[in-house]
Amino acid sequence: KAKIAEAYRLRWRIELCFKQLKSQGFNLEDLNFKKDSKILLVVSLVVMAYVLSLQAAFAEPAHKEKTYRSGKQSLAVSLFRQGLSMLRKQVESLKRFMDYIEERMQTLKAAKWLYVQ
């Protein structure tokens, strides 16, 4: 049962990533590319931006929460949306985006998650 639960947990992360890439942030489905090379390039860039967005959100010390009538609490804004907002402020141009990526790569060379396959 534990293996099944772990597999489902990992699958859920992938599904959430696809949902955010397709309709809740980058709107990939609105792009109507036909050439495989263009699709691969855009998806690669968007996945990189997705990872950078999450990394920016996780680096933030505090996250706003909302409380429901039942007493249950959840994030007021998803980590992805928080990070995307932060990322947008940092990368207003391609040059700034490339500088930002280079800076992140320098600080994250030894990060554990960098080696996840």
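1. Let's start with the lining of the largest pocket, in what is a predicted model. By class, this lining has 20 nonpolar, four polar and five charged residues. The pocket has a volume of about 1,000 Å³. Of the 29 residues that line it, the closest to its centre are Arg13, Cys17, Tyr50, Leu54 and Phe58.

2. Which helix gives the most to that lining? Helix 1 does, with twelve residues. Helix 2 and helix 3 take part as well, for each of the three helices supplies at least two residues of the lining of the largest pocket.

3. Now for the second largest pocket, which holds about 220 Å³ of space. Its lining is made of Phe26, Leu45, Val46, Ala49, Leu84, Leu87, Arg88, Val91, Leu94 and Phe97. Two or more of these residues come from each of helix 2, helix 3 and helix 4 (94-108). Sorted by class, the lining of the second largest pocket has nine nonpolar residues, no polar ones and one charged.

4. It may help to step back to the whole chain. The protein chain has four helices and two strands, and along the sequence they follow the pattern α-α-β-β-α-α. Of its 117 residues, 24% count as buried. Among contacts between residues at least 6 apart in sequence, 51% join residues at least 24 apart.

5. Next, the interior. The largest nonpolar core has eleven residues: Cys17, Leu21, Leu28, Val42, Val46, Tyr50, Leu54, Ala57, Leu79, Phe80 and Leu84. Helix 1 (2-22), helix 2 (36-59) and helix 3 each supply at least two residues of this core, and the largest share, five residues, comes from helix 2. A second, separate core has eight residues, among them Leu87, Val91, Tyr100 and Ile101. As background, nonpolar side chains tend to be buried together in soluble globular proteins.

6. Helix 2 deserves a closer look. How far apart are its end C-alpha atoms? They are 34 Å apart, which agrees with the 34 Å that its 24 residues should span at 1.5 Å a residue. The buried residues in helix 2 are Val42, Val46, Ala49, Tyr50, Leu52, Ser53, Leu54, Gln55, Ala56 and Ala57. Leu54 is in contact with Leu79 and Phe80, once its neighbours within four places in sequence are left aside.

7. Is Phe58 buried or exposed? Phe58 lies in helix 2 and is exposed, because its relative accessible area is 57% and the cut-off for exposed is over 50%. Phe58 is also among the residues closest to the centre of the largest pocket. Its C-alpha atom is separated by 7.3 Å from that of Leu79, although the two residues are 21 apart along the chain.

8. Helix 3 can be checked in the same manner. It covers residues 79-90, and these twelve residues should span 16 Å at 1.5 Å a residue; the end C-alpha atoms are 17 Å apart, which agrees. Leu79, Phe80, Gln82, Gly83, Leu84 and Leu87 are the buried residues of helix 3. Leu79, Phe80 and Leu84 belong to the largest nonpolar core, whereas Leu87 is part of the second one. Leu84 and Leu87 also help to line the second largest pocket. For readers new to helices, an α-helix has 3.6 residues a turn, so residues three or four places apart point the same way.

Definitions and conventions: Residues are numbered from 1 along each chain as its sequence is written. This is a predicted model: local features need pLDDT of at least 70, side-chain atom pairs count only at pLDDT 80 or more; totals for chains, interfaces and linings use all residues. Side-chain values use heavy atoms; hydrogens and water are left out. The expected span of a helix is 1.5 Å times one less than its number of residues. Buried means under 20% relative accessible area, exposed over 50%, partly exposed in between (1.4 Å probe, protein chains only). A nonpolar core is a set of buried Ala, Val, Leu, Ile, Met, Phe, Trp, Tyr and Cys residues joined through side-chain atoms within 4.5 Å. Contact means heavy atoms within 4.5 Å. On a 1 Å grid over the protein atoms alone, a cavity is a set of points where a 1.4 Å probe fits but cannot get out, and a pocket is an open set with protein on both sides within 12 Å along at least five of seven lines; lining residues have an atom within 4 Å of a point. Grid points are joined across faces, edges and corners, and a volume is the space filled by probe spheres set on the points. Ala, Val, Leu, Ile, Met, Phe, Trp, Tyr, Cys and Pro count as nonpolar, Asp, Glu, Lys and Arg as charged, and the others, Gly among them, as polar.
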